[in-house]
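Visitor: I'd like a close look at one part of this model, with its surroundings explained as you go. Please take your time and keep the residue names coming.

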Amino acid sequence: MSQMMNWVTEGISSLLVGEDEVPAENKAAAAASADGDDDDDDEGVPDAVETTDASAASADAAAASSASASSEPDTFPPRDGFQTEGMLSKEDLMHVFQEFYRAAMTPEGKARLSKAFKEGRKPESEATIMQKEILEARKIDGDFGISCFKRVRETYQDDQRFLMAFVQFCNIESMVCDEAELGPEKFQEKMRRLQEQRMRMMQQHGHQCSHGHSHDGGHG
């Protein structure tokens, strides 16, 4: 896997479980999906991937794809012993983010998404089923729980760190579904191109900043 994918996987694991207590299995999963044999840790990898307008938009799009575009809560029939109304707590949502991350990054999870694509189903739909299973295990109605995703940004807008975790959750879902559709080799090539594009943008930004400082200094 490219360094960019490592940044995303390590970033979300640090957000979900705390920067100082990332489980070894999460780091191993990130490294294993990188290239299978590379056990060296990258130095200088940021604790979390920078949130951009594009990634925030992707979070909104991912949430909307799993639920209605309306921001009003949907109505679900009562279900004995299961939550079917209100809004999921941060604790419940973080549990879904973390457990989906762990499941989707395993060989079994990736094989499940790939199988869905080969059978003519959308990996995104299979990912939603996986998320529903996590919710159901927590006594939360799956359809209701998924519908809450569209209200995350509005409900928890004052907690930027939590919203970062939500964005990263959506990014991980997008990436594992891409990999299921493209296959490991084409997916890695796509990630390499994205990494090169990101590096060019960073270099361009650095050049502009350097030019700006030099220009300011000339008038000092």
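Guide: Let's start at Cys-170, which sits in helix H9, residues 160-182 (helices are DSSP runs of H or I with at least four residues, strands are runs of E with at least two, and both are numbered from the N terminus). Bear in mind that this is a predicted model, in which local features need pLDDT of at least 70 and side-chain atom pairs count only at pLDDT 80 or more, while totals for chains, interfaces and linings use all residues. Residues are numbered from 1 along each chain as its sequence is written, and side-chain values use heavy atoms, with hydrogens and water left out.

Cys-170 counts as buried because its relative accessibility is 3% (buried means under 20% relative accessible area, exposed over 50% and partly exposed in between, with a 1.4 Å probe and protein chains only). Its C-alpha atom lies 10.0 Å from that of Tyr-101, although 69 residues of chain separate the two.

Staying on H9, Leu-163 belongs to this helix as well. With a relative accessible area of 9%, Leu-163 is buried too. Setting aside residues up to four places away in sequence, Leu-163 touches Val-152, Arg-153, Tyr-156 and Gln-157 (contact means heavy atoms within 4.5 Å). One of these partners, Arg-153, is ten residues from Leu-163 along the chain, and their C-alpha atoms are 6.6 Å apart.

Now follow H9 to a helix that it packs against. The axes of H6 and H9 cross at roughly 130 degrees and come within 9 Å (axes are lines fitted to C-alpha atoms, for helices over the stretch in contact, with angles from 0 to 180 degrees between N-to-C directions). H6 is therefore oblique to H9 (angles under 35 degrees are roughly parallel, over 145 roughly antiparallel, 65 to 115 roughly perpendicular, and the rest oblique). On the H6 side, the contact is made by Pro-123, Glu-124, Ala-127 and Gln-131, and on the H9 side by Phe-169, Glu-173, Cys-177, Ala-180 and Glu-181. Sorted by class, these residues of H6 and H9 are five nonpolar, one polar and three charged (Ala, Val, Leu, Ile, Met, Phe, Trp, Tyr, Cys and Pro count as nonpolar, Asp, Glu, Lys and Arg as charged, and the others, Gly among them, as polar).

H6 has further partners. Helix H4, residues 90-104, packs on H6, residues 123-137, at about 125 degrees, and their axes are 10 Å apart. H4 and H6 are therefore oblique to each other. From H4 come His-95, Val-96, Glu-99, Phe-100, Ala-103 and Ala-104, which meet Ala-127, Met-130, Gln-131, Ile-134 and Leu-135 of H6. This contact of H4 with H6 has eight nonpolar, two polar and one charged residues.

Helix H5, residues 107-118, also crosses H6, at roughly 135 degrees, with the axes coming within 8 Å. That angle is why H5 counts as oblique to H6. Here Gly-109, Arg-112, Leu-113, Ala-116 and Phe-117 of H5 meet Pro-123, Glu-126, Ala-127, Ile-129, Met-130 and Glu-133 of H6. The tally for H5 with H6 is seven nonpolar, one polar and three charged residues. Ala-127 of H6 is worth clicking on, since that residue is listed in the contact with H9, in the contact with H4 and in the contact with H5.

Beyond H6, the chain enters a loop that leads to H7, and Lys-139 is found there. Phi of Lys-139 is near 65 degrees, a positive value in a residue other than glycine. Lys-139 counts as partly exposed because its relative accessibility is 49%.

Asp-141 lies in the loop between H6 and helix H7 (142-147), yet it counts as buried, at 11% relative accessibility. Not counting neighbours within four places in sequence, Asp-141 is in contact with Phe-76, Arg-79, Phe-82, Gln-83, Thr-84 and Glu-136.

Finally, step back to the whole chain. The chain has ten helices and zero strands. Of its 220 residues, 43% count as buried. Among contacts between residues at least 6 apart in sequence, 78% join residues at least 24 apart.
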